[in-house]
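Trainee: Got a minute? I'd like to go through this one with you.
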There are 2 protein chains.
Amino acid sequence: MSVGIRHDDLRRRNRAMVISAVRRAGQPSRTEIAATTGLSHSTISAISSDLIQEGILTESKASETVSLKRGRPQVGLSLNPEAAAVLAVVLSLNSLSVAVIDYAGQVIAEEQRRLDTLTMSRDELIGECVAIVRRRLEDPDLDVQSVARIALAIQGITDSHARAMLWSPITPQTNIAFADILEREFGIPAIMENDCNMMAVALRWRDPDRYRDDFIAILLSHGIGMGLVLKGELFTGTHSSGGEFGHMIHRPGGALCRCGRRGCVEAYAGNYAIWRNARQLSENAEPVADVSDAEMRALATRARETDGPEREAYRKAGEALGFGLGSLFALIDPAPVAMVGASAAAFDLIEPALREAIAQTAGGQHSDSISFDTEPNELPLIREGCAMRALSFVDQEIFAPGAQGKSGTIRKHVA
Amino acid sequence: MSVGIRHDDLRRRNRAMVISAVRRAGQPSRTEIAATTGLSHSTISAISSDLIQEGILTESKASETVSLKRGRPQVGLSLNPEAAAVLAVVLSLNSLSVAVIDYAGQVIAEEQRRLDTLTMSRDELIGECVAIVRRRLEDPDLDVQSVARIALAIQGITDSHARAMLWSPITPQTNIAFADILEREFGIPAIMENDCNMMAVALRWRDPDRYRDDFIAILLSHGIGMGLVLKGELFTGTHSSGGEFGHMIHRPGGALCRCGRRGCVEAYAGNYAIWRNARQLSENAEPVADVSDAEMRALATRARETDGPEREAYRKAGEALGFGLGSLFALIDPAPVAMVGASAAAFDLIEPALREAIAQTAGGQHSDSISFDTEPNELPLIREGCAMRALSFVDQEIFAPGAQGKSGTIRKHVA
DNA sequence: CAGTGTTTTTTCGAGGCTCGAAAAAATAAG
DNA sequence: CTTATTTTTTCGAGCCTCGAAAAAACACTG
């Protein structure tokens, strides 16, 4: 049940608004902030002087902003990089990475490790994650006090409260409450997010013009994932991270999917599925655990050269993605799509069949207006999304604490 | 870009909060309102005395609330029925209905007409709608001044701004801006909504325990429609009303759908599809325009009696609905489902195959926990949803006017 | 039936917040 | 050096919400 607005919430919300305006704009003047927030100059002046006093914002040197206009020059406000730091941890198939990001969003340290996630035990997996975080926190260059948040992204399904991994293709383990584990271990608030959702968050920051209120990020990798932003908000399921586009049903009773079910989109468009079809194996053949990027590149090259089973495999992938997107578009209407991941480099092979399939679906009439971007490198995107999410948390819950839309439920997922 | 909170927004929002608390609770005392809104007694007292002064709320007679407790008895506050009135217009296949509803939500007049919507011209269709509204407004018993809003629901796709019908199965006409037309004609704000979305809104009001934050309402009728509430908000597409569950793809290239495409869920589960399969016609056979309820009942009876093509037709319908729901559940996770419409009476024939199909999809692991309610009569539900939506508008935009949206854009879609 | 206890509702002053107007500050142009 | 222009701060006014206390309205008790 929604709750009334108390008088003191007002300041807190407007503080958060100012911080978020600075984060978005980079180095806005007080006047610009007043314009974007709609608040009066007096209010902005009061709030920003508070924030500067508290070390959250800093005034840029006057010399930096070369003004060509007459009048008193604007003083740019920016986030104080030392106000806080966050950790972004990304756990994906056979790889674990961490980055330390300052409050202004700059990466100040990072580390990456190769693991054999598929065979590791539960404790080993947790241990590695804890260890890599600990190493970063013990870095003498880092003021541990200032680390305000850890965001961990994983391929797979997380719960809707951002506490736990429920299921993941990168490990046979299930239900690991990474967020709780890290919080207990380090006493730092942590969240556990789905990798594709973080991709979507990052795309929104990177290119707010293209990826504003409604868009889709699809991960074309060993599996198929999706991050979806609708009406400016990250879309999640009711209980889990949701948006399991790869497991929408393409053909009832069809090809065997890695999840054990049949006919999922992923069972036609995941790397293992393309590989399986390229080798002309049965649709019932057990999905292989991993296909190297090199092997996929070779497959794509061969598909471009000759009209053989490789090309057909990509065609089938495109068809599955197209009908899947068509079904999705029946629900949410068409929206810009970003294709992310290694196989996005082979999107030229996928696109024709994909568009042909979409044309046969609810997205059909807009088929031409649907545009696809490709971004082959998912890891930086995921990391960036984690960082932004963690920083947004610091902005809102730490530097503008109090009743942030506490509508019964804990938190809203704002991209 | 989100916008700051001005000082005067505070009162407006809290006014809206109080009104909405009264609408939800029926006859709450000031103390109860204070509890549910979290505002202080002083504030509630001030706001409610304003609202009573303005004729929006009324105090219930003390005698009505028989208090068994000691102390000063609570005074129930209720909506003043005369504060405003709204019109709910429902346009469906061959039928047009209107109801006048007072501010407290009671129907005070209604009218229903049979039309031949499929053959009517654009002007005739518009004319009938305008005429039926005009007749209600000219009713001498009604104070026209008080009519604050018209809500019109239609089977089919509406635009996301609730202004126009874009496409509808009940007429060959497209792009009729009913909301604008009615506004121009009568000078009363109007909205145009999708019928299934209104069903969802109504279910939420009827049974907030079962249908709270996440649920699905599916209309099983000549076509298949869906209304979806996620995280307490009505789900709509980015450009249109969206949620076109019936046109998700069940079998690529499969049965011919009324929309002209192939393999849609509706092409297996709509009345015309069940009828087509029961008659063992080809999947490519042109969908019939209408199947009478009596005919569908006969089909269902026969399906219950003998294991013939009728039973198989219902089985196929269940399968299509099940795989469709499975795909949907991959995106949003399982949620309670209400099956609405005449064919919901045959849900016993549909359910086994439906559950079997779901079990093969992402909803599979929760198959048992998914529960279905049935409600054969959709019209009252749609009308109720329209009424609630129109009344919510009056609550918020008229009786608590000002900057409602906390974001720059005008927010409209709140269930 | 008057007094007492209990619960609800209103009243009232205090404290905060935002706003508009005016002042102050900082620079370019003349 | 003066004037024009733009940004930022200051200050008083006007609201709003809150807590505490008072007032109101009833049940219970002897």
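Mentor: Sure. One definition to start: a residue is near a molecule or strand if one of its heavy atoms lies within 4 Å of it. This is a predicted model, where local features need pLDDT of at least 70, side-chain atom pairs count only at pLDDT 80 or more, and totals for chains, interfaces and linings use all residues. Residues are numbered from 1 along each chain as its sequence is written, chains are lettered from A and ligands numbered from 1 in the order written, and side-chain values use heavy atoms, with hydrogens and water left out.

Trainee: Which residues come nearest to DNA strand C?
Mentor: A:Thr43, B:Thr31, B:Ser45, B:Gly71 and B:Val75, out of 28 around the strand.

Trainee: What share of the strand's atoms within 4 Å of the protein belongs to sugar or phosphate?
Mentor: 68%. The rest belong to bases.

Trainee: How far is a polar side-chain atom of A:Thr43 from a phosphate oxygen of DNA strand C?
Mentor: 2.6 Å. For B:Arg6, a side-chain N or O atom is 2.8 Å from a phosphate oxygen of that strand. A:His7 has a side-chain N or O atom 3.3 Å from a base nitrogen.

Trainee: New topic. How much area do chain A and chain B bury between them?
Mentor: About 4500 Å², with 58% of it on carbon and sulfur atoms. Buried area is the accessible area (1.4 Å probe) that two parts lose on being put together, summed over both.

Trainee: Which residues of chain A lose the most?
Mentor: A:Ile5, A:Thr238 and A:Leu331, together 15% of what that side buries.

Trainee: And how many salt bridges between chain A and chain B?
Mentor: Zero. A salt bridge is a side-chain nitrogen of Lys or Arg within 4 Å of a carboxyl oxygen of Asp or Glu.

Notes. A polar contact is a pair of N or O atoms within 3.5 Å; within protein, one must be able to donate a hydrogen and the other to accept it, and residues adjacent in sequence count only if both atoms are side-chain atoms.
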